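Got your viewer ready? Here is a walk through one protein chain, stop by stop, with something to select each time.

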Amino acid sequence: MAGAVVSSAANWIGTQLINEVKFLLDVQDQVHTLQQELKYIALHLKEADSGEEGDDDQLRLFTEEIRAIAFRAEDTVDNYILKVASSSSTNIGGNFLRKFLCFLCSSPDIHSIGKETKAIRNNTRQAVERLQQFRNTRFIASGEASNQPRPGQNTMRTYPHIEDKYVVGLDEDIKDLVQRLTSCMETRVMAIVGAGGTGKTTLAREIHNDIRIASHFKAKAWVTISQKWNQRDLLYEILRQTRGINEEERTSIKNWSERELVEAIYGFLSEKQYLLVLDDMWEREAWDCIYPAVAHEGSGSKIVITTRKEDLPLQVDMACIIHRPRLLTEEQSWELFKKIALEGRDTQSIAADDVRMGREMAQKCHGLPLGVVTLAGLLRTKDTSEWEDAKEQCFLTVFSSTNESNMTTSMSTELRRVSILTSEVSLPTQCSHIRSLIQWRERELNLKIVCEDFKLLRVLILHQVKTCGRYLPNEVGNLRHLRYLALLDTNIKTLPDSIGNLSNLLYLEYTTKKGDMAWEPLPNVLWKMNLLRHLYLDWAIPSSKGLILHTLTNLQTLQTINVSNWDSKAELERLSPTLQKLRILDIGSQGLLDAVFRSPCMTSGNLVNLWLKWEHGVKLKSTEPLYGHCKHLRKLTLNGKIEEDYALLLPPSLVKLQLSHSGLKLHDPMVATGRLGQLKSLTLDDAYKGAEMTCNAGSFPHLEALHMWCLDNLEEWRVEEGALPRLKGLGIWHCLKLRLPKELKSINTLQELEIFSMPRTFCHTLFKQGDQTFYEYRAGATNDGGGERGEDFHIIQHIPLVRFTVYGT
């Protein structure tokens with residue numbers, strides 16, 4: 001992985017040149033030259049990273065040396081930024097004097113980084129030269145060793161008869177190549193060239209199996225070469241597929257020499273027009289081993305090669321025709337994605353937002369067929385409503401499966417500079433190279449030492465950490481390169497103002513230990529983190545009155561922000577339109593709630609997840625703004641009083657909805673929510689004060705989970721024919737006057753019914769279990785607890801699992 005490490009270092013330095021331009025201005029040329037040098041070396045090292053000679057100790061020594069140099073390059077740039085940032089932040093009086101003294105302080109560092117970058121470049125070139133000399137020496141010494149399988153390689157064989165039913169976007173390529181192969185042109189060799197995942201093998205297979213090819217050529221053979229190949233195996237396979245080998249010959253042919261195999265193939269094919277496909281060729285040596293057997297010039301025979309190596313085809317044949325598969329268009333990527341991820345489903349019934357999300361995910365594969373196929377394969381077993389939650393992990397898996405991925409490069413490189421601490425593992429003493437520090441077990445930790453000794457950290461995750469004094473030290477502000485900071489279930493109750501110095505932070509998560517409420521308000525410094533994308537806070541952490549958030553113009557996630565002590569609506573009116581997930585608690589005034597609905601984030605159309613809770617005395621005047629602006633909203637929780645001059649208007653894109661303490665009386669919420677064709681989960685928590693509710697015929701076509709909590713006045717619940725056709729789970733909690741509707745017995749999809757905190761009289765209409773306060777019934781069980789079935793038992797007897805919890809007597 002030496003090439004991956006060097007490539008990652010080059011990318012990181014390029015990012016620093018952009019984000020830290022004011023600190024690198026005086027050394028921009030040196031750093032840029034270093035970055036370009038690393039890019040060149042990364043390309044040069046692809047051969048070493050392919051895995052050849054992977055078991056050789058000397059080769060490993062060379063690649064480790066190059067890794068160390070790449071890390072040294074990162075450290076040099078990162079340390080320089082820290083030094084200049086530290087000196088520039090020192091308060092030294094007047095403006096002119098401050099600039100002059102800063103120049104004097106930084107001049108030695110400028111000279112130092114110039115010398116260091118020059119030394120790094122020299123060391124790298126020397127290491128690469130020694131690596132080349134070693135590989136050349138080994139190749140010369142190996143002689144015929146190229147015929148032997150490459151050690152440490154795992155060859156993935158491909159087969160022409162295994163048809164790919166998920167072929168999209170290759171029609172023009174197939175037509176063009178078949179026409180060339182069946183024409184009278186003299187060129188014998190055609191190469192399909194492209195990076196991994198571009199569809200080279202699929203295209204070659206489609207050509208090989210084309211009916212026009214079958215009728216034109218008298219013989220065909222397909223062999224996979226890959227990085228692990230053996231001359232005898234390749235020749236034997238060509239002979240088997242073209243001439244055929246019967247059982248009697250099999251034993252004797254195994255004893256033939258390579259020369260005898262070559263002569264047998266050449267003799268048999270000398271008067272035939274044939275097609276030979278050599279799939280996944282990596283080096284010229286493989287061609288040299290095969291060519292004597294197929295050196296039939298002017299016979300009209302053709303050879304097709306697939307390879308990732310751009311320079312290999314012309315080494316094989318200077319007249320070689322090179323074809324590069326076209327990347328998929330956005331529409332073709334979506335078509336391929338649909339074929340796999342939605343196979344066997346009614347695509348017409350897929351929600352518009354799910355289609356949009358699917359298209360976006362397919363588009364992020366950048367036209368690579370393998371990326372689309374892998375992603376769609378991971379999602380094919382998931383419901384479309386799960387795509388949003390699954391997509392991040394899926395993309396990690398997709399990118400980890402393609403060698404050319406920058407994400408894989410970045411991740412694999414970072415893992416080499418990670419320290420994971422447990423209760424038994426101490427802080428590392430050699431910490432200059434550590435970029436990620438993860439503490440995942442409960443233990444005491446001196447965070448001041450961490451912040452002082454690990455200044456180049458990019459990722460810091462602390463889980464269940466105990467600190468003396470229960471505060472995050474001021475020194476955390478020195479971690480200038482930090483991108484990801486997570487304080488999870490710690491005893492830290494105070495964040496310092498210096499956290500605002502983390503101007504490169506992309507992700508901040510701060511949660512409390514359960515049950516601990518003694519937390520200081522957030523410092524009003526988050527506004528400095530203008531690169532911040534995700535901010536996750538515990539609901540128990542208060543925010544300062546004048547907390548500034550509108551400067552966070554890249555923010556995508558803001559949850560949970562507690563505004564119980566806010567008196568100004570200015571910040572809520574200016575929440576960023578980039579927000580996709582928003583969770584605000586304890587909105588204490590009508591002005592603050594109205595300000596939220598006027599903010600750019602509510603009108604941008606980007607919100608997909610919204611959670612709002614307002615206090616007693618505040619009312620949501622109308623849900624119409626949600627209907628009008630939040631076209632892509634999928635998850636919605638509204639916790640507080642809602643005025644009902646009009647019936648509820650809710651975005652049709654909703655998949656999950658919770659209404660709590662809404663105080664609705666005039667309009668049955670089942671009517672409005674039943675029209676939401678994509679809704680899969682509905683919770684009504686003290687949302688309705690009426691005595692009757694009705695699920696109209698055909699309503700809730702996709703609802704799978706329904707929870708009814710604390711509907712104190714509800715007496716009758718009607719379910720008309722055709723309603724709730726996909727309901728799987730039903731929960732009823734503390735609806736003291738309710739009786740189960742008889743229509744439930746016709747909902748055959750129900751898998752689980754939970755009845756919590758309901759009167760004993762209600763429970764006994766279903767199942768009489770004496771004085772027990774909790775019991776359950778399983779359909780088909782031989783032992784139902786010995787209880788007597790009530791008069792309404794027939795309503796629930798088809799449900800596999802029913803749980804009861806009795807309230808009162």
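The tour starts with the whole chain and then moves through sheets, helices, cores and a few single residues.

**Before you click**

This is a predicted model, where local features need pLDDT of at least 70 and side-chain atom pairs count only at pLDDT 80 or more, while totals for chains, interfaces and linings use all residues. Residues are numbered from 1 along each chain as its sequence is written, and side-chain values use heavy atoms, with hydrogens and water left out.

**Stop 1: the whole chain**

Show everything as a cartoon. The protein chain has 26 helices and 30 strands; both are DSSP runs numbered from the N terminus, helices being H or I over at least four residues and strands E over at least two. Of its 809 residues, 50% count as buried. Buried means under 20% relative accessible area, exposed means over 50%, and partly exposed is in between (1.4 Å probe, protein chains only).

Switch on a surface if you like: the accessible area is about 37,800 Å², with 50% of it belonging to carbon and sulfur atoms. Those areas come from the Shrake-Rupley method with a 1.4 Å probe, and for residues only the protein chains shown count as cover. As for contacts (heavy atoms within 4.5 Å), take those between residues at least 6 apart in sequence: 63% of them join residues at least 24 apart.

**Stop 2: a five-stranded sheet**

Select 219–226 and 321–323. These are β2 and β5, the edge strands, each pairing on one side only. They belong to an open sheet of five strands with parallel pairing, in the order β2-β3-β4-β1-β5. Two strands pair if DSSP finds at least two bridges between them. Neighbouring strands here are turned by 15° against each other on average, direction ignored; the axes are lines fitted to C-alpha atoms, for helices over the stretch in contact, and angles run from 0 to 180 degrees between N-to-C directions.

Now add 274–281, which is β3: seven bridges join this strand to β2, and the two run parallel. For one rung of that ladder, pick Val223, whose bridge partner in β3 is Leu278.

**Stop 3: helix α8**

Select 200–208. Is this helix enclosed or not? Seven of its nine residues are buried, so α8 is largely enclosed by the rest of the structure. The buried set includes Leu203 and Ile207, and also Lys200, Arg205 and His208.

**Stop 4: strand β7**

Select 436–439. Ser436 and Ile438 point one way, Leu437 and Gln439 the other, and all are buried. Then add 459–463: this is β9, joined to β7 by four bridges in a parallel arrangement. Ser436 stands opposite Val459.

**Stop 5: two asparagines**

Which loop holds Asn501? Look between β11 (484–490) and β12 (507–512). Asn501 is partly exposed, at 37% relative accessible area. Leaving out residues up to four places away in sequence, Asn501 touches Gly477 and Arg480. Try a C-alpha distance to Val476: 8.6 Å in space, with the two positions 25 residues apart in sequence numbering.

Next, jump to Asn562 in strand β14 (557–562). This one counts as buried, at 8% relative accessibility. Show the side chains of Asn562 and Asp586, which share a polar contact of 3.4 Å. Such a contact is a pair of N or O atoms within 3.5 Å; within protein, one must be able to donate a hydrogen and the other to accept it, and residues adjacent in sequence count only if both atoms are side-chain atoms. Beyond its neighbours within four places in sequence, Asn562 is also in contact with residues including Trp539, Pro542 and Leu585.

**Stop 6: the cores**

In soluble globular proteins, nonpolar side chains tend to be buried together. A nonpolar core here is a set of buried Ala, Val, Leu, Ile, Met, Phe, Trp, Tyr and Cys residues joined through side-chain atoms within 4.5 Å. The largest has 117 residues, and among those with the most contacts inside it are Ile584, Met670, Trp717 and Leu724. Its largest share, five residues, comes from helix α21 (590–598). Another core, of 35 residues, lies apart from it and includes Trp229 and Leu278.

Zoom in on α21, where Leu592, Leu593, Ala595, Val596 and Phe597 are buried. The elements they pack against include β15 (581–587) and α23 (624–629).

**Last stop: β25, β26 and β30**

Select 729–733 and 752–759: β25 and β26 pair in the parallel sense over five bridges. Add 801–807, and β30 pairs with β26 in the parallel sense over six bridges. Glu754 stands opposite Arg803 there.
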